[in-house]
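Student: I should like a close look at one part of this protein, namely its salt bridges. Please set them in the context of the whole chain.

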Amino acid sequence: MKNLAFFLATTALVAVAGSADAASVNLRFAYATNATPTKEAMTKFGELLQEKTNGEVTVTYFPDSQLGGERELVEMVQSGLLDMTKVSGGLMESFSPVYGVFSMPYLFSSEDQFYQVLDDPDIMGSVYESTKANGMVGLTYYGSGQRSFFTVNKPIMHVGDLAGLKIRVMQSPTSIKMMDVLGGSPVAMSAEEVYTSLQQGIIDGAESNEFALTVDRFGEITKTYSYDMHTRIPDIMLIGTAALDKLSDEQKQAVYEAAKESTEYQRELWAAAVQVEKTKAEDEFGVQFFYPDVAEFREAVQPMYEELKAKPEQYEIYQKIQAKAGE
């Protein structure tokens, strides 16, 4: 692959530069296709980091799936071939089961509660560190909005409407289970496969936020979007432990500070950007938006919470989230 060859050549040049000046470190950061606010936040992270380290630590980006899908990028961070990436917390369940709690449907009652929980280091600290033995840790999160169902031409107004439909879900055991419980047929695949699969009728729909309709252009094929708002799954910024080991204590502190500040920056941009993309989906793609009563959906997934008790790590995080909601 030409992109991979370019990446390897760039990596070699960065390694040579690093050996010439031990104080200078360049972090290789690759990510898949993303909503504009998230891209801007990742760029902001690099700017802040360079500023905080007086140019000692810089970031080279490989955007928009140049080096592969999210799973491939995580595996590259694990192997040390890549220093950083940003992926869905849903995918991270495959690397650390504790992340599965964030794919539980109707875990959060509101966007405010979501941010309150994700900003709490007592909750997220152990989650971020849960992959340390696998060669990577979480730095921060980005909000990715609510996730709802969108289909080619059938609005999902009731749980029964999902019967017989093949719906793409993330490569997350919890997301697959949710789709089973709701009566649809889950098809786990990477985001890069979804457009063609919709075109060819391999799947009838998918579930994501409003940006999927425009950024990924799924709105060219899927014309109904139903706000059942079943999940709010954070995106997770990851850094390899090998990359952290290259940094001084001061540089590490700058990495964490820049990451946190980039999260705050992304949050400021998100809400307005969602409305812009929704309007674009309606006006340019002809997508219709529907608003089902979510109570029926919420009731249907309750057995998943009973089953969660058999997963101690996830259930402990769930209990902390519930306690936070009661504050």
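Tutor: The account below begins with the overall fold, proceeds to the salt bridges, and closes with some other local features.

The model is predicted. Its secondary structure consists of 14 helices and 11 strands. The radius of gyration of the protein is 20 Å, close to the 20 Å that the globule rule gives for 327 residues, so the protein is as compact as a globular protein of that length. The C-alpha trace spans about 65 × 45 × 30 Å along its principal axes. Of the 327 residues, 52% are buried.

Within this fold the structure holds 15 salt bridges. One of them pairs Lys246 with Asp83, and the closest N and O atoms are 3.6 Å apart. Lys246 lies in the loop between helix H10 (241-245) and helix H11 (249-285), while Asp83 lies in the loop between helix H3 (70-79) and strand E3 (84-88), so the pair ties together parts that are 163 residues apart in sequence. As for burial, Asp83 has a relative accessibility of 3% and therefore counts as buried, the limit being under 20%. Lys246, at 41% relative accessibility, counts as partly exposed.

A second bridge joins Lys324 to Asp120, with the closest N and O atoms 3.1 Å apart. This pair, too, links distant parts of the chain: Lys324 belongs to helix H14 (residues 312-325) and Asp120 to the loop between H5 and H6, 204 residues apart. Both Lys324 and Asp120 are buried.

A further bridge lies within a single helix. The side chains of Glu264 and Lys260 meet at 2.8 Å, N to O. Both residues lie in helix H11, four residues apart, about one turn of the helix. Glu264 counts as partly exposed, at 38% relative accessibility, and Lys260 counts as exposed, at 52%. Bridges may also share partners: in this way Arg28, Asp83 and Lys246 are joined into one network.

Charged residues without a salt bridge deserve attention as well. Glu72, Glu75, Glu192 and Glu193 gather in a patch of negative charge on the surface. Glu192, one of the four, is placed in the loop between strand E7 (185-188) and helix H8 (194-199). Glu192 has a relative accessibility of 38% and so counts as partly exposed. Membership of such a patch requires over 30% relative accessible area and no salt bridge.

Two loop residues are notable for their backbone. Asn54 has a positive phi of about 55° although it is not a glycine. Asn54 sits in the loop between helix H2 (36-52) and strand E2 (57-62), and at 74% relative accessibility this residue counts as exposed. Tyr106 is likewise a residue other than glycine with a positive phi, near 60°. Its loop runs between helix H4 (89-92) and helix H5 (111-118). Unlike Asn54, which is exposed, Tyr106 is buried, with a relative accessible area of 10%.

Lastly, Met124 is located in helix H6 (residues 121-129). Met124 counts as buried, at 1% relative accessibility. From C-alpha to C-alpha, Met124 and Tyr141 are 9.5 Å apart in space, and they are 17 residues apart in sequence.

Methods:
Residues numbered from 1 in each chain as written. Predicted model: local features only at pLDDT ≥ 70, side-chain atom pairs only at ≥ 80, totals over all residues. Heavy atoms only, no water. Patch = residues over 30% accessible without salt bridge, like charges linked within 9 Å, V, L, I, M, F, W, Y side chains within 5 Å. Areas by Shrake-Rupley, 256 points an atom, 1.4 Å probe, with all protein chains shown as cover. Salt bridge = Lys/Arg side-chain N within 4 Å of Asp/Glu carboxyl O. Lys, Arg positive; Asp, Glu negative; His and termini not counted. Charge placed at Lys NZ, Arg CZ, Asp CG, Glu CD. Buried < 20%, exposed > 50% of the residue type's maximum accessible area, 1.4 Å probe, protein only. Rg over C-alpha atoms; globule rule 2.2 N^0.38 Å.
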